[in-house]
Amino acid sequence: MGAQVQSSAKPSAWSALASQYNTVSKLHLRQLFADDPKRGQRMAVEAVGLYLDYSKNRVTHETLRLLVQLAAESGLQVRIEAMFRGEKINITEKRAVLHVALRAPRGASLVVDGKNVVPEVHAVLDKMANFSNRVRSGTWLGHTGKRIRNVVNIGIGGSDLGPVMAYEALKHYSERAMNIRFVSNIDGTDFAEAVRDLDPSETLFIVSSKTFTTLETMTNAHTARAWSLVGLGGDERSVAKHFVAVSTNAAEVAKFGIDTANMFEFWDWVGGRYSMDSAIGLSTMVAIGPDNFRAMLDGLHQMDEHFRTTPFETNLPVLMGLLSLWYNDFFGAQTVAVLPYEQYLKRFPAYLQQLTMESNGKHVTLDGQRVAHNTGPIYWGEPGTNGQHSFYQLIHQGTRLIPCDFIAFVKPMNPLGRHHDMLLANVFAQTEALAFGKTAEQVKAEGTPDWLVPHRVFEGNRPSNTILAEQLTPETLGKLVALYEHSVFTQGVIWNIDSFDQWGVELGKVLAQRIIPELEKDPAPAVNHDSSTNTLIHRYREAKQS
């Protein structure tokens with residue numbers, strides 16, 4: 001059965017929500033909490049080890065009822081079931097969307113084109129585990145007989161952002177005797193700085209490219225190959241000891257000099273931004289070990305099952321997706337701030353930027369019609385408390401409405417005196433300050449001069465979610481990643497867009513391939529772009545030759 005294309009007509013709940021906005025937008029969170037003393041308990045859900053407090057959102061119980069109705073009318077349950085059945089819901093590329101298969105337990109069944117893919121997934125996981133154990137134990141030796149002490153992942157997009165985020169998030173669990181580095185940018189500085197202090201005889205590169213033709217990745221891979229060969233006496237046989245591949249293109253992998261026995265496969269039903277738990281996560285597994293990697297997969301699977309089976313009213317990803325859509329489409333909020341109060345999650349907002357903005361940065365519906373409302377808010381953020389001393393000023397007193405997700409943990413990874421109590425105090429204080437603010441009367445009561453009062457007023461009524469978990473374990477990280485994956489999917493279904501293609505990245509790639517020879521060929525070829533691009537090309541060539 002093929003994926004069904006929904007009609008572009010707006011569900012009836014959309015009109016009801018527009019009317020609801022006219023009412024709710026005039027209400028202040030101060031009043032909503034005063035009217036319901038137990039709001040903080042009523043508007044909270046706990047599931048699979050995550051506690052979501054969504055009470056500090058500008059919603060009433062009627063708003064939530066209508067949002068859930070919108071999800072139902074948009075066919076969300078049908079689309080969830082279609083995804084988990086392996087239907088080709090990525091309609092523009094005619095592909096299944098089955099990242100949930102990557103964390104399905106051994107023995108489960110998820111069928112794509114009549115074939116259960118779970119055994120293949122676990123075969124690759126087992127191969128990854130064997131390889132990781134060999135590298136971590138020192139059994140895998142480099143060309144000169146030395147053990148590997150440095151692992152450099154070369155990828156871009158999902159082949160970089162996911163592994164980088166997971167490595168940083170789970171650094172507490174990593175093998176500290178090894179250096180794990182990442183190269184993604186085609187800017188030569190990225191590679192040069194990554195290998196500056198490394199010994200080629202102790203360095204292993206993981207080249208992550210599904211096609212093994214990605215411009216940035218393969219440019220960096222060939223640079224790494226040349227660097228490695230120089231350091232190892234130019235012996236071409238050394239490549240097989242210092243390079244492995246995450247790819248599906250065996251011919252190109254072999255041509256590069258990598259033994260195809262050390263090629264780790266993934267599948268076209270895994271989008272790049274959903275691939276950190278596939279073989280793309282090989283560097284993560286090498287860093288934290290197979291057991292911790294499998295614990296992360298278990299966390300992802302737990303959230304998958306929660307999303308698949310839980311009524312929308314208490315479904316964490318659905319609630320977060322609906323609330324984000326509420327602000328994006330009815331309040332006109334353009335961004336969402338993700339604020340992890342955990343230093344290890346410093347790359348989590350950057351990871352979410354690709355997950356959310358590449359998925360839902362779409363302007364047409366599944367049936368090719370122009371969308372009638374805004375899609376894909378901008379995601380951004382930094383760890384607390386650093387952000388409090390930079391951009392929180394705008395969130396508190398600026399003119400823009402910026403919904404915030406605060407992420408915090410009960411137990412610290414590195415207990416140091418009072419540090420964690422002070423950190424969590426800031427989480428709770430910030431959400432309280434954003435919600436309730438400070439009135440002019442309260443400011444005056446502190447003895448503030450009249451001329452200064454307006455500057456010290458906090459309007460409040462700034463919405464936030466608080467996500468609280470026990471500790472940042474591999475399992476918990478998996479739950480957080482899947483939480484946002486399915487929140488993105490929820491929004492995409494309601495907007496009736498394809499959250500799993502990314503045609504928007506193609507045009508720039510095509511033009512770059514055309515411009516590269518125009519910068520390099522001698523004599524200079526004729527250029528036929530717009531006057532700005534032509535001038536920039538000429539200016540660059542002249543400056544390069546001077």
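This passage describes the confidence of a predicted model, one of its helices and its largest cavity.

In this predicted model, local features need a pLDDT of at least 70 and side-chain atom pairs count only at pLDDT 80 or more, while totals for chains, interfaces and linings use all residues. Residues are numbered from 1 along each chain as its sequence is written, and side-chain values use heavy atoms, with hydrogens and water left out. The average pLDDT of the chain (the predictor's confidence in each residue, from 0 to 100) is 96, and 98% of the residues score at least 70. In residues 1-5 the pLDDT is below 50, and this stretch has 11 contacts (heavy atoms within 4.5 Å) beyond near neighbours in sequence.

Helix H4 (helices are DSSP runs of H or I, at least four residues, numbered from the N terminus) comprises 13 residues, 61-73. From first C-alpha to last, H4 reaches 18 Å, close to the expected 18 Å, which is 1.5 Å times one less than its number of residues. Thr-63, Leu-64, Leu-66, Leu-67, Val-68, Leu-70 and Ala-71 are the buried residues of H4 (under 20% relative accessible area, 1.4 Å probe, protein chains only). These buried residues pack against helices H1 (12-24), H5 (76-85), H14 (316-331) and H20 (474-495). Gly-75, which follows H4, has a positive phi near 75 degrees.

The largest cavity (a set of points on a 1 Å grid over the protein atoms alone, where a 1.4 Å probe fits but cannot get out; lining residues have an atom within 4 Å of a point) is lined by 13 residues. Closest to its centre are Met-320, Ser-324, Val-336, Asp-405 and Asn-465. H14 gives the most to this lining, with 4 residues.

Key
Helix = DSSP H or I, 4+ residues; strand = E, 2+ residues; numbered from the N terminus. Buried < 20%, exposed > 50% of the residue type's maximum accessible area, 1.4 Å probe, protein only. 1 Å grid on protein atoms, 1.4 Å probe; cavity = no way out; pocket = protein on both sides within 12 Å on 5 of 7 lines; lining within 4 Å. Points joined across faces, edges and corners; volume = space filled by probe spheres on them.
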